Amino acid sequence: MIYAVIDIGSNTIRLSVYKEKEGKIYNLFNEKEGASLRSYIKNGELNEKGIERLLDTLRNFKHLINNFDDIDFVYPFATATIRDSSNRSEILKRVKDEIGFDIEILSGEEESKLSFLGANSSLEVTKGVLTDIGGGSSEIVIIEQGKVIKSTSLDIGSLSAFNDNVEFLFPNKDDKKNIEKAIEEELEERSFYQEDHDTLCGVGGSARASLKLYNEYYKLDKENFSMDRKKLKNMLKDLIDHEDKKLLDLILSVKADRVHTLIPGMIILNKIAKYFKVDKINISQTGVREGYVYNKVLGKE
């Protein structure tokens, strides 16, 4: 069987197509659109421009799917921005009426669980902390003996951190402090107190982009999938101290589509690692979409 999954995030909308064989899934191809839906939230609701951006992207994805004759099922789901929009019922109805897709809205708890299941499909995660930094939220999962012990969803992601705290293109030292303070306050509000963990597993586009920049910065092999937290902290400090033009050139050469969200995402990743006193950060190449297929489609826990 072949499944298409559409992940409607706050910053990026992604289409991933998987083939299932003997209980395992294999990624066939991916498409993405940097829709930045979080930027279209006004007074608590997704405005008309944002809804049109969503509809246009889904039309394009539907066209791709229709030209791929072997796809058996399509599963669209949405996370923080649609979940938190006061007009989400209108959004879901318009997508159904105009595109024909039934969007499932994942709760923060579901998103955390699926991120863990997806990460665990390619990177053994038995103990420590897992974080999935999205555009509008960041999921935190505490893992012991290969099981989720505790999870939460923070109301801050790479795009919302940028929109709420950064005046120009890149964060300065004060912006960094404000983002870090917001993360710490949210963790404490949710009774996620500081504790020691050996490793952190990073999931999602922000974590992968941070790794790509880390490998470029330290001239490491692109097959390296881990980061030293102290080196990440030093790199982040150096990047914030960079002249804007040099930093812009560096990010454009590594991850142009995340020019404004890469540094805020990295600040979140570094703060979470520091909060839990982690020394090593492992970056998973799989996440919530793979977890969705394994759990929601194939029924695996």
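**Close-ups of a predicted model**

**Figure 1. An exposed asparagine in a loop.** N43 is exposed, with 83% relative accessible area. This view, like the others here, comes from a predicted model. N43 sits in the loop that joins β4 (41-42) to β5 (45-46). Its backbone is worth a look too: phi of N43 is near 55 degrees, which is a positive value in a residue other than glycine. As background, most residues other than glycine have a negative phi.

**Figure 2. A serine with positive phi, in the loop after α6.** Here we're looking at S191, in the loop between α6 and β11 (199-203). Phi of S191 is near 60 degrees, again a positive value in a residue that isn't glycine. What is the relative accessibility of S191, and how does the residue count? S191 comes out at 34%, so it counts as partly exposed; the class runs between the 20% cut-off for buried and the 50% cut-off for exposed.

**Figure 3. The whole chain, for orientation.** Before going further inside, here's the full fold: 11 helices and 13 strands make up the secondary structure of the protein chain. The radius of gyration is 18 Å, close to the 19 Å that the globule rule gives for 301 residues, so the chain is as compact as a globular protein of that length. Along its principal axes, the C-alpha trace spans about 50 × 45 × 40 Å. Of the 301 residues, 52% count as buried. Take the contacts with a separation of 6 or more, and 70% of them come from residues 24 or more positions apart. On the outside, the protein chain exposes about 14100 Å², with carbon and sulfur atoms supplying 44% of that area. As for charge, the chain has 45 positive and 52 negative charges, and their mean positions are 3 Å apart.

**Figure 4. The annotated domain.** An unreviewed UniProt entry places "domain: Ppx/GppA phosphatase N-terminal" at residues 17-298. How far apart are the end C-alpha atoms of residues 17-298? They lie 15 Å apart, and the span between them is 48% helix and 21% strand.

**Figure 5. Two buried residues of helix α4.** Helix α4 (residues 108-120) carries G118, and S115 is found in α4 as well. Both are out of reach of the probe: S115 counts as buried at 0% relative accessibility, and G118 also counts as buried at 0%. Which residues does S115 touch, leaving aside its neighbours within four places in sequence? The list for S115 is L130, D132, V203, G287 and V288. One of these partners, D132, is 17 residues from S115 along the chain, with 6.8 Å between the two C-alpha atoms. With sequence neighbours up to four places away left out, G118 touches T286, G287, E290 and G291. G287 therefore turns up in the contact lists of S115 and G118, where contact means heavy atoms within 4.5 Å. For a sense of scale, G118 and I149 are 31 residues apart along the chain and their C-alpha atoms are separated by 17 Å.

**Figure 6. The buried residues of α5 and what they pack against.** Which residues of helix α5 (residues 158-165) are buried? They are S158, L159, S160, A161 and F162. These buried residues pack against one strand, β8 (128-133), and against the helices α6 (173-189), α7 (205-217) and α10 (262-275).

**Figure 7. A partly exposed leucine on α9.** L248 lies in helix α9, which covers residues 244-255. At 24% relative accessibility, L248 counts as partly exposed; the cut-off for buried is under 20%. Beyond residues up to four places away in sequence, L248 touches L169, F170 and V259. Zoom in on the pair L248 and V259: these two are 11 residues apart along the chain, and 7.3 Å separates their C-alpha atoms.

**Figure 8. An asparagine on α8, with a far-off reference point.** N234 has its place in helix α8 (residues 229-241). Is N234 buried or partly exposed? N234 is partly exposed, with a relative accessible area of 43%. L37 serves as the reference point: the C-alpha atoms of N234 and L37 are separated by 32 Å, and the two residues are 197 residues apart along the chain.

Key. Residues are numbered from 1 along each chain as its sequence is written. This is a predicted model: local features need pLDDT of at least 70, side-chain atom pairs count only at pLDDT 80 or more; totals for chains, interfaces and linings use all residues. Side-chain values use heavy atoms; hydrogens and water are left out. UniProt positions are given in the numbering used here, feature names are shortened, and annotations may be inferred rather than shown by experiment. Helices (H or I, at least four residues) and strands (E, at least two) are DSSP runs, numbered from the N terminus. The radius of gyration is taken over C-alpha atoms; the globule rule is 2.2 Å times the number of residues to the power 0.38. Buried means under 20% relative accessible area, exposed over 50%, partly exposed in between (1.4 Å probe, protein chains only). Accessible areas come from the Shrake-Rupley method with a 1.4 Å probe; for residues, only the protein chains shown count as cover. Lys and Arg count as positive and Asp and Glu as negative; His and the chain ends are not counted. The place of a charge is taken as NZ of Lys, CZ of Arg, CG of Asp or CD of Glu.
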